[in-house]
Amino acid sequence: MRSERPLDLAATISPLRRGFGDPCHRQTPDGSHWHASRMPSGAVTYRLRQLDRHTVDARAWGPGGEEFLERLPAMLCLDEDVSDFAPEHPKVAEAHRLHPGLRMLRTGLVWEALVPAVLEQKVHTKTAHDSWRKLVWRYGTPATGPAPEGLRIMPDAETWRHIPSWVYHRANVGPQRSKTIVLAARIASKLEEAATLGHVEAAQRLRTVPGIGIWTAAEIAQRAFGDPDALSVGDFHLAATVGWTLLGEPIDDDAMVEYLEPLRPHRYRAVRLLGLAGFAHKPKFGPRTPYTDHSRI
């Protein structure tokens with residue numbers, strides 16, 4: 001697959017990976033990115049490898065393989081128009097210059113993005129990734145095709161819906177998050193349809209599920225819809241990081257939204273670029289909050 005504009009594969013698909021040891025994602029020493037998914041037509045294992053600045057080699061196996069390859073250009077947002085993205089802040093402009101190959105990500109797979117996002121609500125990222133690994137290893141299925149050893153496909157919505165509450169607890173997932181997953185699983189097919197809607201309508205559809213707010217909807221949109229404006233308002237670190245990076249002082253969510261307004265509809269793109277360029281930073285003023293294993297309570 002060839003792109004007219006530069007394409008940075010690793011940066012573009014990095015949001016798919018849920019921490020080190022993600023059972024559904026693997027990067028091998030030859031630079032290949034492996035991932036196991038559930039397409040509407042069936043399970044798929046795919047391997048993507050960057051050949052040059054404009055070319056990606058793509059292979060796919062399983063019942064959903066053909067559909068995946070057909071949808072790959074859309075997934076990597078080869079059709080996106082960034083002609084209206086002209087940031088004035090020097091750091092954002094420089095990050096854009098340094099990383100012209102960053103694309104948004106549009107998998108079209110809502111459920112695949114929803115569950116990890118819910119697991120990451122109001123907990124340490126490490127906690128969420130540990131929970132994800134435990135549950136996928138227990139209820140997922142082996143990836144199809146010549147996949148790396150241990151690669152797994154995440155459970156389908158019906159499986160997540162029927163996971164016992166005590167199993168969620170043992171995986172360190174509190175009742176509020178597990179309830180949100182179960183409620184979403186009941187209408188998973190309606191939520192998947194959000195991928196065919198406009199960005200505003202899609203976010204509204206997601207937020208009909210109790211427990212899915214603006215932050216979670218944005219995290220889903222960043223991966224499933226290719227929304228370049230899906231700003232993760234409510235994130236524990238984001239507002240302060242944006243403030244320190246662009247203004248030299250911390251700000252809150254309201255101030256962040258106001259300050260980034262001129263970048264609409266590319267606010268998330270700007271945040272991604274700052275992180276990719278290594279510009280995003282927030283001073284450390286004290287020890288991190290302690291990691292709590294609620295499964296032992």
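Contact here means heavy atoms within 4.5 Å. The model is a predicted one, in which local features need pLDDT of at least 70 and side-chain atom pairs count only at pLDDT 80 or more, while totals for chains, interfaces and linings use all residues. Residues are numbered from 1 along each chain as its sequence is written, and side-chain values use heavy atoms, with hydrogens and water left out.

**Exercise 1. Explore the surroundings of T180.**

Task: Find the helix that holds T180, then decide whether T180 is buried or exposed.

Step 1. Helices (H or I, at least four residues) and strands (E, at least two) are DSSP runs, numbered from the N terminus. T180 belongs to helix α8, residues 175–186.

Step 2. Leaving out residues up to four places away in sequence, T180 touches V118, V209, P210, G211 and I212.

Step 3. Buried means under 20% relative accessible area, exposed over 50%, and partly exposed in between (1.4 Å probe, protein chains only). The relative accessible area of T180 is 2%, so T180 is buried.

**Exercise 2. Walk across the sheet.**

Task: Work out the strand order of the open sheet and say which strands stand at its edges.

Step 1. Two strands pair if DSSP finds at least two bridges between them. The open sheet has four strands in the order β1-β2-β3-β4, with antiparallel pairing.

Step 2. At the edges stand β1 (25–27) and β4 (55–61); each has a single partner strand, so one side of each is left without a neighbour in the sheet. From one strand to the next, the twist averages 25°.

Step 3. Now take the pairs in turn. β1 and β2 (residues 33–39) are joined by three bridges, with Q27 opposite H33 of β2. Seven bridges pair β2 with β3, where S37 has V44 as its bridge partner; two residues lie between these strands in a hairpin. β3 and β4 also pair over seven bridges, R47 being matched with R59 in β4, and a hairpin of two residues joins them.

Step 4. Finally, look for the helix that covers the strands. Helix α2 (residues 65–75) lies across β2, β3 (42–52) and β4, at about 45° to β3. Axes are lines fitted to C-alpha atoms, for helices over the stretch in contact, and angles run from 0 to 180 degrees between N-to-C directions.

**Exercise 3. Track down stacked rings.**

Task: Describe the ring pair of Y46 and F68, then that of W132 and W160.

Step 1. Rings of Phe, Tyr and Trp (its six-membered ring) pair if their centres lie within 6.5 Å; planes under 30 degrees apart count as stacked, over 60 as edge-to-face and the rest as tilted. The count comes to three aromatic pairs.

Step 2. Y46 and F68 are stacked, at 3.9 Å centre to centre with 10° between the planes. This pair links strand β3 with helix α2, 22 residues apart. Y46 is buried at 3% relative accessible area, and F68 is buried at 2%.

Step 3. W132 and W160 are stacked too, at 6.2 Å centre to centre and 10° between the planes. W132 sits in helix α5 (residues 125–139) and W160 in helix α6 (residues 157–161), 28 residues apart. Both W132 and W160 are buried.
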